[in-house]
Amino acid sequence: MSSDDVLLGLGLVMTLAVGAQLVARLLRLPAIVVLLPTGFAAGAATDVVQPAQLLGDLYQPFVSIAVGVILFEAGLRLRLGLVAADARRLVVRLVLLGALVTWIGVTLATALLVDGLDDRVALLIGAILVVSGPTVVLPLLSFVRPAPRVRSLLTWEGVLVDPVGALLGVLVFHAAASGGHWRPGEMLLSIAVGLGVALVAALILRFLLHEAQRRAPRQVVPVTLAMVVAALVAADLIRDDAGFVATTTLGMVFANQRAIDTSLMVEFQQILVQLLVGVLFILIAASVSPDQVVDVLPEALALVAVMALLIRPAAVAIATRRSDLTLRERAFIAWMAPRGIVAGASASAFALQLSQDGVQGADQILPVVFVVIFGTVALYGLTATAVARRLGVAGGEGRVALLVGGQDWALRIGGALQAAGVGVRLWTGDAAEREAAHAVGIEAERGRMMVDAVTREAELDEVTDAFLLTRNDDFNALAAAALRVELGHQHVQRLAPDPDTPSLMPPAGEEGLLPGYDELGQAIGGGADVTIATAPGGALELRIG
């Protein structure tokens with residue numbers, strides 16, 4: 001490729017990665033449902049979106065580093081305090097027993113469905129398809145928004161199964177490449193190396209972040225990114241694929257400590273991870289040719305059906321046996337096992353080496369895995385919301401408005417929202433106001449939005465609009481600035497400030513201003529009607545009259 005071709009190819013990949021996610025948002029679809037066909041079409045229609053030629057020897061290292069960063073960000077979400085003690089046992093069983101059942105089941109199904117495969121290739125495909133991962137699970141969970149307990153279990157499983165599955169894949173690959181010589185101790189050694197590197201990196205990063213937060217706060221993000229990449233590379237150079245264990249563990253360590261504020265770290269990683277997920281899905285999908293897919297399509301689709309209808313339910317049934325999960329919760333967990341980036345990256349790397357070694361059927365590894373990735377993502381992405389609602393494990397439907405402030409007239413606004421079919425959540429620090437809200441059927445609690453970024457994300461789960469109604473104009477202004485980042489400018493409204501009293505100057509040309517505290521209180525307290533409408537941009541609109 002010429003330098004112009006490389007420039008064009010990289011530009012297309014970046015544009016498609018972001019554009020596909022925007023289109024998915026407009027269509028109200030999970031982004032990964034749009035990313036995969038977009039990447040596949042780009043690879044088939046152009047000569048420049050060809051990962052092996054576009055990046056050459058950089059392709060696999062780039063994928064490894066990108067997946068490592070994604071796993072670190074996912075690890076930051078794994079806070080032990082969010083999972084009940086009895087649920088931790090379930091997570092371990094889902095990851096270990098589930099992985100074993102999935103490996104055996106997929107191996108047998110692959111051997112029966114796909115002709116012309118060496119037994120080692122079937123075992124390897126089974127190991128590769130053990131992984132699920134945060135690149136697909138977390139976006140789907142954010143889109144579906146299931147009940148907290150189910151969401152927590154699936155998040156932990158999705159994150160932890162990636163490094164376990166990657167290590168299993170490496171073990172099976174080395175066995176296949178060496179003619180079937182198994183060395184299970186190597187997997188345990190890789191896990192130990194990853195844990196050791198993570199602990200050393202955590203000590204170094206804690207010291208660096210402590211100094212950065214004191215002396216140069218803007219350096220927190222680059223310092224974190226540098227250490228994550230360093231941990232991944234160091235662990236991988238010592239043992240193949242130990243880097244995934246290292247980055248996941250490093251994220252978990254910082255998620256469960258309180259000495260360092262991880263808010264900046266999480267917010268940056270969320271932006272970076274969205275871009276990396278988009279780029280990786282485009283590249284992985286573009287690396288498969290239409291001819292390869294056509295050759296294995298019937299068999300691979302049959303494998304998807306077997307995995308979704310038989311193997312995953314069996315794995316969940318065994319792993320959750322005698323647990324306190326309800327039958328509906330177990331059924332939804334059984335209907336959530338998409339495959340993602342780690343499976344695609346492993347397949348592309350292993351298939352090339354085994355093909356060069358002359359292993360029969362190695363050239364079918366990547367197309368089979370690609371169809372399974374796309375099939376499972378499309379299946380679960382398009383049906384998970386409906387299944388969650390049908391099973392009664394969806395966290396909520398439709399619009400949810402957050403009211404900050406619990407005075408009498410704020411409760412009337414809450415009642416108008418409920419009458420319009422909008423869910424209402426209220427934050428107030430006054431215990432009497434919380435009791436009054438509960439008395440009229442409004443969920444009320446103290447908001448913990450300012451604790452850290454992960455807590456804010458959990459607190460704002462399902463919230464689509466916010467009304468800031470406290471008497472403190474400065475608080476309303478600061479909270480509005482933070483919430484607009486999460487919800488969008490049109491979806492956050494606050495009371496108009498008194499121009500003479502706030503300590504902070506309000507933003508110029510600020511949108512979403514309601515009447516002032518006294519004016520709104522007098523109007524509603526005087527018996528004015530309170531109604532809710534939907535503005536042209538989709539935001540909720542408060543009407544007093």
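What follows is a working chat about the sheet, the salt bridges and a surface patch of a predicted model.

Colleague: Before we start, what are the ground rules for pLDDT and numbering?
Modeller: This is a predicted model, so local features need pLDDT of at least 70 and side-chain atom pairs count only at pLDDT 80 or more, while totals for chains, interfaces and linings use all residues. Residues are numbered from 1 along each chain as its sequence is written, and side-chain values use heavy atoms, with hydrogens and water left out.

Colleague: Fine. In what order do the strands of the open sheet run?
Modeller: The order is β3-β2-β1-β4-β5-β6, 6 strands with parallel pairing. Strands are DSSP runs of E with at least two residues, helices are runs of H or I with at least four, and both are numbered from the N terminus. Two strands pair if DSSP finds at least two bridges between them.

Colleague: Which are the edge strands?
Modeller: β3 (443-445) and β6 (513-514), each of which pairs on one side only.

Colleague: And β1, how many bridges join it to β2?
Modeller: There are 5 bridges between β1 (residues 400-404) and β2 (residues 423-427), and the two run parallel. Ala 401 has Val 424 as its bridge partner in β2, and Val 404 has Trp 427.

Colleague: How does the chain cross from β1 to β2?
Modeller: It goes through helix α17 (residues 408-419), a right-handed β-α-β crossover. Right-handed means that, with the strands pointing away from the viewer, the path from the first strand over the helix to the second runs clockwise.

Colleague: What about β1 and β4?
Modeller: β1 pairs with β4 (residues 465-468) over 4 bridges, in the parallel sense. There, Leu 403 has Phe 467 as its bridge partner in β4.

Colleague: Which residues of β1 are buried on each face?
Modeller: Val 400, Leu 402 and Val 404 are buried on one side, and Ala 401 and Leu 403 on the other. That makes 5 of its 5 residues buried. Buried means under 20% relative accessible area, exposed over 50%, and partly exposed in between, with a 1.4 Å probe and protein chains only.

Colleague: Changing topic: how many salt bridges are there?
Modeller: The whole structure has 7, counting a side-chain nitrogen of Lys or Arg within 4 Å of a carboxyl oxygen of Asp or Glu.

Colleague: Take Arg 312 and Glu 157. Are they buried or exposed?
Modeller: Both Arg 312 and Glu 157 are buried. Their closest N and O atoms are 2.8 Å apart. Arg 312 is in helix α13 (residues 290-319) and Glu 157 in helix α8 (residues 148-177), so this salt bridge ties together parts that are 155 residues apart in sequence.

Colleague: And Glu 211, which residue does it form a salt bridge with?
Modeller: With Arg 214, at 3.1 Å between the closest N and O atoms. The two are 3 residues apart in helix α9 (residues 184-215), so about one helical turn separates them. Salt bridges that share partners put Glu 211, Arg 214 and Arg 215 in one network. Arg 214 counts as exposed because its relative accessible area is 54%.

Colleague: Last one: which residues make the nonpolar patch?
Modeller: Met 14, Val 18, Leu 22 and Leu 275, covering about 330 Å² of surface. Helix α1 (residues 3-27) gives the most, 3 residues, and Met 14 sits in that helix. Met 14 is partly exposed because its relative accessibility is 40%. Patch residues have over 30% relative accessible area and no salt bridge; like charges are joined within 9 Å, and nonpolar side chains (Val, Leu, Ile, Met, Phe, Trp, Tyr) within 5 Å. The areas come from the Shrake-Rupley method with a 1.4 Å probe, and for residues only the protein chains shown count as cover.
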